[in-house]
Amino acid sequence: MGVLDIYSASSNCFFRTSSSHTPLTPGSAILGNKNRVVSMASVQPVDHQVNDGQQQVTGDSFIRPHFRKLSPYQPILPFEVFEALGSLKFPYIYPDPESRRLRAALAEDSGLEAKYILVGCGADELIDLIMRCVLDPGDKIVDCPPTFTMYEFDAAVNAAGVIKVPRKSDFSLDLELIKDAVEKEKPKCIFLTSPNNPDGSIINDDDLLKILKLPVLVILDEAYVEFSTIESRMQWVKKHENLIVLRTFSKRAGLAGLRVGYGAFPLSIIEYLWRAKQPYNVSVAAEVSACAALKNPTYLENVKDALLKERERLYNLLKDVPFLNPFPSHSNFILCKVTSGMDAKKLKEDLAKMGVMIRHYNSKELKGFVRVSVGKPEHTDILMDCLRRFY
Ligand SMILES: Cc1ncc(COP(=O)(O)O)c(C=O)c1O
């Protein structure tokens, strides 16, 4: 896999492939497969240039030699995605309304046939689409806060009521209360998130099977499943007529800006979603990028492995901070209770002044909590240096 490294020197942009440095001038292009860089304009040599018999000094000759050897910044996107976007053949033609290429690639990736899969403009679109197909005004959904807030938002847009069944203090689901709520309130659907946003807890098979036995449509949101050690339940939709599983490229492939999500649906449900979805909900660029990302499973696995390793290190370091109580996470973030009289909002603001951004929550269930994203080792180091200034 080619990782694209980008840095600039003068007005040129240098793209480093795994084997060599190739300067890319503004008129150059990246074409074809395997990191081929084709220059369409003159290429400037990096070192001294000879002009009219005179030696000219270039700026980078002033840079300390060991600096010139340092690895440059690496963008999140795999090279293949840039390459695919740069060589779009028909960006001006409407996309395939059935996203067949991407659904075929997803079938291969998930082991679930394409006929069970529908693609959307992010998982967000699919959440709304499901509600539009299922809920009449006045119908109810079950929501288990603290969790992703779009379920509540879309329910309101679709004029549905929200029955809140809060999670327990360790953020696990309260199965008894869910059962009671389904029996008493007769909701049409329940939204479950595994791993959950914001705490990263997962739902085990037993609990999920218990909920699937209830007379309610279960929407299992697996936006972060790639960061966990559990398998996706996409295949389960073949056995459970009341299960929908949602996933996204926003997290697993870092493609949030391109807006591609997907869902696995029982056949008895998916045909109605096809009728209701906007015809061109997934753009040409989004489909091409997602296909390119799937072509490189090794890259995605490597990113995941690096993240899991760093998550463990970050978790252990946060445990030693006297005013933080981190929760074990199966996702790419760690939720922490702020303790010892320290104010969570002030902590977030103080860290921001030092250039470190963390998330602070204001909701009833998350008063006094902050959430830290797992980054690279150097990000963890900077965060820890900043936190140490408080004790
Ligand atoms: C649990 C969960 N589901 C879905 C989404 C939205 O995903 P997408 O970017 O594919 O719309 C998010 C985004 O943060 C999320 O946290």
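# Getting to know this predicted model

By class, the residues in the shell around the ligand split into 5 nonpolar, 5 polar and 4 charged. The model is a predicted one, and the questions below start at the ligand and then move out to the strands and rings.

Q: Which residues come nearest to the ligand?
A: The ligand has 14 residues around it. A handful of them come nearest, and they are Ala123, Asp221, Thr248, Ser250 and Arg259.

Q: How far is a nitrogen atom of the ligand from an N or O atom in the side chain of Asp221?
A: Start with the oxygen side of the ligand: one oxygen atom sits 3.0 Å from a polar backbone atom of Asp124. Another contact pairs an oxygen atom of the ligand with a polar side-chain atom of Arg259, at 2.7 Å. For the nitrogen atom and the side chain of Asp221, the distance is 2.6 Å.

Q: How much of the ligand's exposed area does the protein bury?
A: Picture the ligand taken alone, where it exposes 400 Å². Put the protein back, and the share of that area it buries is 91%.

Q: Which element gives the most residues to the shell around the ligand?
A: Two elements give two or more residues to the shell: α8 (249–252) and α4 (122–134). The one that gives the most, with 3 residues, is α4.

Q: Which strands are the edge strands of the open sheet with the order β15-β16-β18-β17?
A: This open sheet has 4 strands, and their pairing is antiparallel. An edge strand here pairs on one side only. That description fits β15 (324–326) and β17 (359–360).

Q: What is the bridge partner of Lys337 in β18?
A: Strand β16 covers residues 333–338 and strand β18 covers residues 369–373. They pair in the antiparallel sense over 5 bridges. The β18 partner of Lys337 is Phe369.

Q: Why does the pair of Tyr94 and Tyr280 count as stacked?
A: There are 11 aromatic pairs in the structure. In the pair of Tyr94 and Tyr280, the ring centres are 4.3 Å apart. Planes under 30 degrees apart count as stacked, and this pair is stacked because its planes are at 20 degrees.

Q: How many residues apart in sequence are the parts that Tyr94 and Tyr280 tie together?
A: Tyr94 lies in the loop between α2 (79–86) and α3 (100–110). Tyr280 lies in the loop between α9 (267–276) and α10 (284–294). The pair therefore ties together parts whose separation in sequence is 186 residues.

Q: Is Tyr94 buried or exposed?
A: The cut-off for exposed is over 50% relative accessible area. Tyr280, at 40%, counts as partly exposed. Tyr94 is at 62%, so it counts as exposed.

Q: What kind of pair do the rings of Tyr224 and Phe333 make?
A: Tyr224 sits in the loop between β12 (217–221) and β13 (243–248), while Phe333 is in strand β16, 109 residues apart. Both Tyr224 and Phe333 are buried. Their ring centres are 5.0 Å apart and their planes are at 75 degrees, so the pair is edge-to-face.

Q: Which residues form one aromatic cluster with Phe191?
A: Phe191 belongs to strand β11, where Cys189, Phe191 and Thr193 point one way. The cluster is formed by Phe191 together with Phe148 and Tyr151.

Q: Why is strand β11 largely enclosed by the rest of the structure?
A: Ile190 and Leu192 point the other way from Cys189, Phe191 and Thr193, and all are buried. Strand β11 (residues 189–193) is largely enclosed because its buried residues number 5 of the 5.

Q: What is the bridge partner of Thr193 in β12?
A: Strand β9 (residues 140–143) and β11 run parallel and are joined by 3 bridges, with Cys189 as the β11 partner of Ile141. β11 and β12 also pair in the parallel sense, over 5 bridges. In β12, the residue bridged to Thr193 is Asp221.

Q: What is the bridge partner of Gly120 in β14?
A: Gly120 is in strand β8 (residues 117–120), whose two faces are both covered: Ile117 and Val119 are buried on one side, Leu118 and Gly120 on the other. β8 pairs with strand β14 (residues 261–264) in the antiparallel sense over 4 bridges. The β14 partner of Gly120 is Gly261.

Technical notes. Residues numbered from 1 in each chain as written. Predicted model: local features only at pLDDT ≥ 70, side-chain atom pairs only at ≥ 80, totals over all residues. Heavy atoms only, no water. Near = heavy atom within 4 Å. Polar contact = N/O pair within 3.5 Å; in protein donor to acceptor, adjacent residues only side chain to side chain. Areas by Shrake-Rupley, 256 points an atom, 1.4 Å probe, with all protein chains shown as cover. Nonpolar A, V, L, I, M, F, W, Y, C, P; charged D, E, K, R; others polar. Pairing = 2+ DSSP bridges. Phe/Tyr/Trp six-rings, centres within 6.5 Å; stacked < 30°, edge-to-face > 60°. Buried < 20%, exposed > 50% of the residue type's maximum accessible area, 1.4 Å probe, protein only.
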